[in-house]
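I'm opening a fresh page for a structure I haven't looked at before. I'll jot things down as I look them up.

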Amino acid sequence: MRIHRLRLVDFRGVADREVELPTSGVVVLQGENEVGKTSMIEAIDLLLDKPDSSKAREVREAKPVNRDVGPLVEADLSCGPYRFTYTKRWLRETRTELQVHSPRAASFTGAEAHAEVRRILDETLDTSLYQALRVLQASELTSAALAESSALAAALDQAAGTTGYDDDGDALLEAVNAEYATYFTPTGRETGEYASARKDLAGAEDAYGEAEHRLLQLARDVDASARLSAERDALSERLDLARRDLTAHEQSWQRLTGLRERVAEAQANMRTRSREHGWLTEAAERRASQDRALAGKVAAWEELTRRLDEAREQLHEARTEQRTATAAVETAQAEELRQRDLVDAANRAAERLQDLAELDRVRTRLATIEHAQATIEECEAILADSRIDAELLAAIDEADTELAVSRAQHEAAAARVQVTALTEVDVTVDGTNHPLRPEEELDAAVTEPVQVELPGTLRVSIAPARSSADTEAALTAARQRFEEVVHRAGVTDRRAAHRTFESEQRTRTEAARARERLDEELDGQSVSRLQAEQARLSARLTPGAERAGGGPDGARGEPDAVVDGEPGAPPSVTAQVDTPADAASAQAAKESAVQAHAAARDRSAEAAAARESFTQRAARLELDCTLIEGKATMAETDINDQRTALAAEREKTPDVELEEAADHAARQLTEAREAAAAAEAELADAPVEQIEAARTNALALTERLASESNDVEEQLRRLSVSLEMRGQEGLQEDYDTARTVREATRARLHQLDRRAQACRLLHETLHRARDAARSRYVRPFREQVVALGRIIYGTSFDVDVDEDLTIRSRTLDTVTVPFDQLSAGAREQLAIITRLACAAVVEPEQGVPVIIDDALGYSDPDRLERMNAMIGSLAADAQVILLTCTPDRYRGIGNASVIRLERSLPATG
């Protein structure tokens, strides 16, 4: 079979596409994803298999999703001697057309056309081979199913030089297989009339056994009826005796039950009397407890009254002490204020001296900062035109090294000229004179054309060797890179670059040090702030400035009156503070004033603490008085309430009546306990366990014997009915009939078994012969697979081929791996090799296209290249169709035809 032309219209996503394929050789159909490559294979299958009336799922899925049209497929095919054009449309405007071109022209339409194509395919196409020689997208990676291909079998027979395959042999084998199928299934199980006869025999054996069993069962039932009658009479006598014993035991049980009821009544009466006695005793105890509690509350109230009088006296004393402490605090605070004024005056005198020292320090810092800023500006001006940094310097070093290496390589690869003087002579090289003494040599590499001249005698022209062209190009490139980087740096050579970089580094270091000095002097402040501080200190130290500005920061708002008796100071303070001569004197005066102020502050704090202590004590005592007074009031109210409640209870039940009721309840409780003890003693003397056990056993025995008697009666009744019914069934006649049928069935099965075993022997003999023939033509198939595989894997490649022509294992570099355990890529490659080997073995007129859809996705580039070489080595008479969405995958196949598939859009308007 060959595919010459294929056209798809409205098939899935393909609007209209027509592809003409070469009759033989390798053709690559390449196109992007979803362009419709796999749809072309599906279209051929639908064209050959499904009539135009089919509504199968595959046909419905071929319809475009966005248009209500029917898919159409048209193909030019050749099968054996037939060449024909076959057209078919499904779902909408269905039609089937067949135009046969050879061996005789003919036309068919509709179902007749479909039937004619099926006839041609049945006559000429090896369907097993057609299905096997495919590697479809997303299909399972297994060996091809080639064992059932008659075309491959004939080709391998011919290659093996045997006659194991011919049409007559197939006819005989098919006839034997058909006869074998009437007796056995493909797995060897019995079937048809043979299995039915064996099943009939099993049924006859079962019927015979059943008839025999029923006859024997009748005899056993007659014996069982006699045995059950005797057992029924014995059970009746034992049941009467058990019932008499049960009556006697029931009377004893009734007497025991009455005794138990008397004990329970006595115990209930005792519990009732005990509760009444408890209630009355508890009431008497509660009344006595209430009297004791009332007496305790009266004593507690009297104690609270005494404590209240004591607290009120202490409160009066504490308030007197509080007033005395308040006067002492006011005196101490006045002294503290006077000492604080003296401290402020000493502080202002010391601050003036500190301002003078601070002004001098600020002026020094500003001078240092000004010098550092000038240095930084000078360095930045020098570095403004800097071009060289560490990266550029490294690039210059690298380019210079590369230039030196390239120059050395160029000179090493170039020809050399050596001139040795025999006498004193002047030699000119490229216009440069070189005087040479005897035996002195002139040696130079020829990297460009050179002229060596002996003035007035000879001139020698030397050209560089052609083999140095690569090194010269590398030298030129290295020189250009070096010139480029030195130009960027603004220098002429590597040494100048380093000198410039080092000079700039020293300038950067000097600028960094100046910045460090600047940061150190600024210490987080700005120059403007230091200048403002200088102006502030200068203004503060100007005479009259502080009085005009209200203090150094213009915020104190009080006159300065300490130094030299300036106006505005309190007379008492001015008279005590002298102007200090220096900072040490000012500091000493300040410390003395601070100490005196601290002592006054401590005395003030001590007085305040004492006042606070007296105040807190007075508050605590006042709170205690309030709490005690509240508790005494509540206690008095509680006492009055309890006295009223006790008086009401005694009026309702006097103490004498309550005591008499408690004594009467005690006597009744004693009598109830004695009655309960007497009843319990009588119950304890009775044989309770013996009476209960005897009664329980008598009940169980009576029930068991009655149940057994009923069971025996029921069995006798059923046996009587069964014997009566089976006496009318004719069991002996059924037994004789079943035995006759069993013997007839055995004879029929024996005849069929002899025929079936003879057929099985012939079937196994012929199949062994066919398998032997297959084992002979495995060799040429394996040889073809190995030949193709060694193009990919090398000479160590080998395979083990089973008799059904499937690959069992692959050997590579002496390592054998089962096919199922190979990687996905290796299995895919072997699957393609086996199909191509088959295509190479089968005769061209019996061959079918090899179709490989989007394969080799698991192969690495090196193995993919060798796969391309293997595919390209196939004989030109096989038709191999490769579909791919990756154009580079099959680009290495030298003799392949390439057809590019573009997206097909539906016509509009």
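These are my notes on strands, salt bridges and a charged patch.

**Entry 1: what kind of model**
I checked where the coordinates come from, and this is a predicted model.

**Entry 2: an open sheet**
I looked up the order of strands in one of the sheets. I found five strands in an open sheet, running β8-β18-β19-β3-β20, and the pairing is parallel. Which strands stand at the edges? They are β8 (134-135) and β20 (897-900); each has a single partner strand, so one side of each has no neighbour in the sheet.

I then followed β8 to its partner. Two bridges connect β8 with β18 (residues 850-853), and the two strands run parallel. I noted one bridge pair by name: Val135 partners Ile852 in β18. A reminder to myself: backbone hydrogen bonds are what pair the strands of a sheet, in either a parallel or an antiparallel way.

**Entry 3: a hairpin**
Next I went to strand β15 (residues 798-801) and asked where its side chains point. They alternate: Val799 and Val801 face one way and are buried, while Asp798 and Asp800 face the other way and are not.

β15 is joined to β16 (residues 807-812) by four bridges, and here the strands run antiparallel. Across from Val799 I found Arg810 of β16. Five residues lie between the two strands of this hairpin, and Leu805 takes a positive phi near 65° there.

**Entry 4: salt bridges**
How many salt bridges does a search of the whole structure find? The search gives 48. I picked out a few of them.

I started with Asp753 and Arg198, whose closest N and O atoms are 3.7 Å apart. Asp753 sits in helix α17 and Arg198 in helix α7 (residues 192-383), so this pair ties together parts that are 555 residues apart in sequence. Are the two buried or exposed? Asp753 is partly exposed at 24% relative accessibility, and Arg198 is partly exposed too, at 34%.

Then I turned to helix α16 (residues 688-726), where Glu708 and Arg704 lie four residues apart, about one turn of the helix. They form a salt bridge, with 2.9 Å between the closest N and O atoms. Glu708 has a relative accessible area of 27%, so I wrote it down as partly exposed; Arg704 is also partly exposed, at 39%.

Glu714 and Arg718 make another salt bridge, at 3.0 Å from N to O. They too are four residues apart in helix α16, which means about one helical turn separates them. Glu714 is partly exposed at 27%, whereas Arg718 is exposed at 54%.

My last note here is on a network: salt bridges link Arg5, Glu18, Glu74 and Asp76.

**Entry 5: a negative patch**
I looked for charge on the surface and found a negative patch made by Glu516, Asp519, Glu520 and Asp523. Asp523 is in the loop between α10 (494-522) and α11 (527-541). Its relative accessible area is 62%; the cut-off for exposed is over 50%, so Asp523 counts as exposed.

**Entry 6: far in sequence**
Back to helix α17 (residues 731-793), this time for Glu764, which has its place there. Glu764 is partly exposed, at 37% relative accessible area. How far is Glu764 from Asn177 in sequence and in space? I get 587 residues in sequence and 10.0 Å in space, C-alpha to C-alpha.

Definitions and conventions: Residues numbered from 1 in each chain as written. Predicted model: local features only at pLDDT ≥ 70, side-chain atom pairs only at ≥ 80, totals over all residues. Heavy atoms only, no water. Patch = residues over 30% accessible without salt bridge, like charges linked within 9 Å, V, L, I, M, F, W, Y side chains within 5 Å. Areas by Shrake-Rupley, 256 points an atom, 1.4 Å probe, with all protein chains shown as cover. Salt bridge = Lys/Arg side-chain N within 4 Å of Asp/Glu carboxyl O. Lys, Arg positive; Asp, Glu negative; His and termini not counted. Charge placed at Lys NZ, Arg CZ, Asp CG, Glu CD. Buried < 20%, exposed > 50% of the residue type's maximum accessible area, 1.4 Å probe, protein only. Pairing = 2+ DSSP bridges.
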